[in-house]
Amino acid sequence: MMGCWILNESLSFLLVLSWLGVNLYLFVDTFYWYEEEKSFLYTRVILGSTLAWARASAVCLNFNCMLILLPISRNLISFLRGTSMCCRGPWMRQLDKNLKFHKLVAYGIAINTTIHIVAHVCNLEAYHSSQSEEAEGLQAALSKLGDHPNESYLNPIRTFHTNTITELLTTIAGVTGLMIFLALILILTSSTEFIRQVSYELFWYTHHVFIIFFISLAIHGAGRIVRGQTPESLLLHNVTFCRDQYAEWQTAVQCPVPQFSGKEPSAWKWVLGPVVLYVCERIIRFWRFQQEVVITKVVSHPSGVLELHMKKRDFKMAPGQYVLIQCPSISSLEWHPFTLTSAPQEDFFSVHIRTAGDWTEALCKAFGAEELVPRELRSLPRLAVDGPFGAALTDVSHYPVSVCIAAGIGVTPFAALLKSIWYRCCESQTQLKMSKVYFYWICRDPRAFEWFADLLLSLETRLSERGRTHFLSYHIFLTGWDENQAIHIALHWNDDTDVITGLKQKTFYGRPNWDHEFREIAYRHPSCNIGVFSCGPKALSKMLQRMCRLYSSADPRGVHFYYHKESF
């Protein structure tokens, strides 16, 4: 069984294929232009095909640098989610893959940068060797141009006895090229999964080297090292005829000395639009930074989770959205994403923050998470909030049946959703579009259930009062326990409520059998579009993707699972 999952994956594949196609077209078109263009014939005499390799990779580099900022423009993504034009069906699910596309474009930048550097190293060596005593013929004649008055040079290396590296680093192209290379190395190496897990702060700070990268890229071509024959010179100097008459260039009227100039820099034209868009994003963030955030409540949970309740003027949210939070007393530059755990119906917004890294550890300490006596709210450090921004879970209402799967602190995106359902259940006239929600939570620490169990208990009670107990089916899985806990669980197994959560639904021990779960859901909803939403580790995400593909029907009238993963 494959189903309409194929449509979603086909669309993803089509978008990637389009990106590859544009890259290939730009590379091939530019390559052949520089291989055949008459104005660069004399340049090719010295450099050969490496000229075309350098210029083709440069155009592809500019194209990918134009794209790299778009997937991380959070306000743009949120705006697109709110439009009916692209945010329905398979197109909507492509917005969930914005970070994947960002990484894909980064690989394109890395590959084209490597080609560009290698080609120019070869070009530099060709320029240098053409000034040697062994150089002869047209190549030697072209390299000597510029030694006399009223001549423009073609070869930027003016003597064989110069150090090419030193010579290069005295030019705009050389200095900016080195800065681009170093910035790219820093960004790529600090973006690995290992670095982001060990030190998110290192990833955050080094990623902002992209500012140096873009500034250097914009002025990289200003040195105009690669030169071609001017249009005026081409009219007077026919390269097809005059290339063999190089010995008579100084005297022959029909073959005057060719004149050369550098190509105008164009990288800034490619990146200007996205950079302006990014600057607008930063201006919006600065404006939101200035807005006052009032902290109304601080709760420290035993599982190392800090709960913050806040208020902000004109703050409007939807279930599943997230915000960026900055604490200036910890760092004036770092913004960290956190899913909102409050419902839109509440008069505050909240986040749950787990200690996982230097910044979150410092934040929990600053808010007195480890202290026995709570601090006064007015003595707490100031917070700045940017957002809210749309995420995959905001699409949950588009499906009649939804499957929500969380691992550990990944439960936070679903807290807002379940709270919102609870409030809407309290409104007697409200009719929910969804007919069924399956909720799975996998956690290793029993203490982590404490803050979320209250919400599930109240939702369980409210749905029971309204006769809609069938609406929510939740399954909690505990993957870690010690011997004392096991004995306690065994002694209270026959109680009416679960010994860990206090809910009527008993906690399962171990990991879910996803084959069994998806098979059961597919059986209960044979002709339904089902949204599957997850927030957890990569291994879980891959498993769920495979289940969605496996249990989606090939029949358009059958059951279809559509996968969404939370990513910031």
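## Starting from a buried tyrosine

Let's begin inside the protein: Tyr 440 has a relative accessibility of 1%, so this residue counts as buried. (Buried is under 20% relative accessible area, exposed is over 50%, and partly exposed lies in between, with a 1.4 Å probe and protein chains only.) Before going on, keep in mind that this is a predicted model, where local features need pLDDT of at least 70 and side-chain atom pairs count only at pLDDT 80 or more, while totals for chains, interfaces and linings use all residues. Residues are numbered from 1 along each chain as its sequence is written, and side-chain values use heavy atoms, with hydrogens and water left out.

Now to the company that tyrosine keeps. There are 25 aromatic pairs in the structure. In one of them, the ring centres of Tyr 440 and Phe 477 are 6.4 Å apart and the planes meet at 20 degrees, so this pair is stacked. It ties together distant parts of the chain: Tyr 440 belongs to strand 10 (residues 436–443) and Phe 477 to strand 11 (residues 472–478), 37 residues apart. For the terms: rings of Phe, Tyr and Trp (its six-membered ring) pair if their centres lie within 6.5 Å, and planes under 30 degrees apart are stacked, over 60 edge-to-face, the rest tilted. Helices (H or I, at least four residues) and strands (E, at least two) are DSSP runs, numbered from the N terminus. Phe 477 is buried too, with a relative accessible area of 5%.

Trp 514 and Phe 518 give an edge-to-face pair, with 6.3 Å from centre to centre and 70 degrees between the planes. These two are four residues apart in helix 20 (residues 514–524), which means about one helical turn separates Trp 514 from Phe 518. Both Trp 514 and Phe 518 are buried. Put the two pairs together, add Tyr 551 and Phe 561, and you have one aromatic cluster.

Some rings have a charge for a neighbour instead. Arg 382 lies over the face of Phe 289, 4.5 Å from the ring centre, and the charged end of Arg 196 sits over the ring of Phe 203 at 5.9 Å from its centre. (The test is NZ of Lys or CZ of Arg within 6 Å of the ring centre and within 35 degrees of the ring normal.)

Stepping back, the protein chain has 21 helices and 14 strands. Of its 568 residues, 49% are buried. Taking contacts (heavy atoms within 4.5 Å) between residues at least 6 apart in sequence, 75% join residues at least 24 apart.

Helix 16 (residues 358–366) is a good one to look at down its axis. Its buried residues are Trp 359, Thr 360, Leu 363, Cys 364 and Ala 366. They fall within an arc of 160 degrees seen down the axis, so they line one face of the helix; the arc is that of the directions from the helix axis to the C-beta atoms. The other side of helix 16 has Asp 358 and Lys 365, which are exposed. Packed against the buried residues of helix 16 are helix 11 (200–207) and several strands, including strand 4 (305–312) and strand 5 (322–326). After helix 16 comes Gly 368, with a positive phi near 70 degrees.

Helix 12 (residues 210–219) has a buried set as well: Phe 210, Phe 213, Phe 214, Ser 216 and Leu 217. Their arc around the axis is only 165 degrees, which puts them on the same side of helix 12. Helix 3, helix 6 (98–129) and helix 11 are among the elements that cover them.

Helix 3 also holds Ser 57, which is buried at a relative accessible area of 0%. Leaving out residues up to four places away in sequence, Ser 57 touches Phe 27, Asn 112, Ile 115 and His 116. By contrast, Asp 314 is exposed, at 66% relative accessible area. Asp 314 lies in the loop between strand 4 and strand 5, and its phi is near 60 degrees, a positive value in a residue other than glycine.

Finally, how far to trust the picture. Mean pLDDT (the predictor's confidence in each residue, from 0 to 100) is 82 for the protein chain, and 86% of residues reach 70 or more. Among the elements, helix 3 (residues 50–68) has the highest mean, 94, and helix 19 (residues 483–491) the lowest, 53. Over residues 1–5, pLDDT stays under 50. Where pLDDT is low, the predicted coordinates should not be read in detail.
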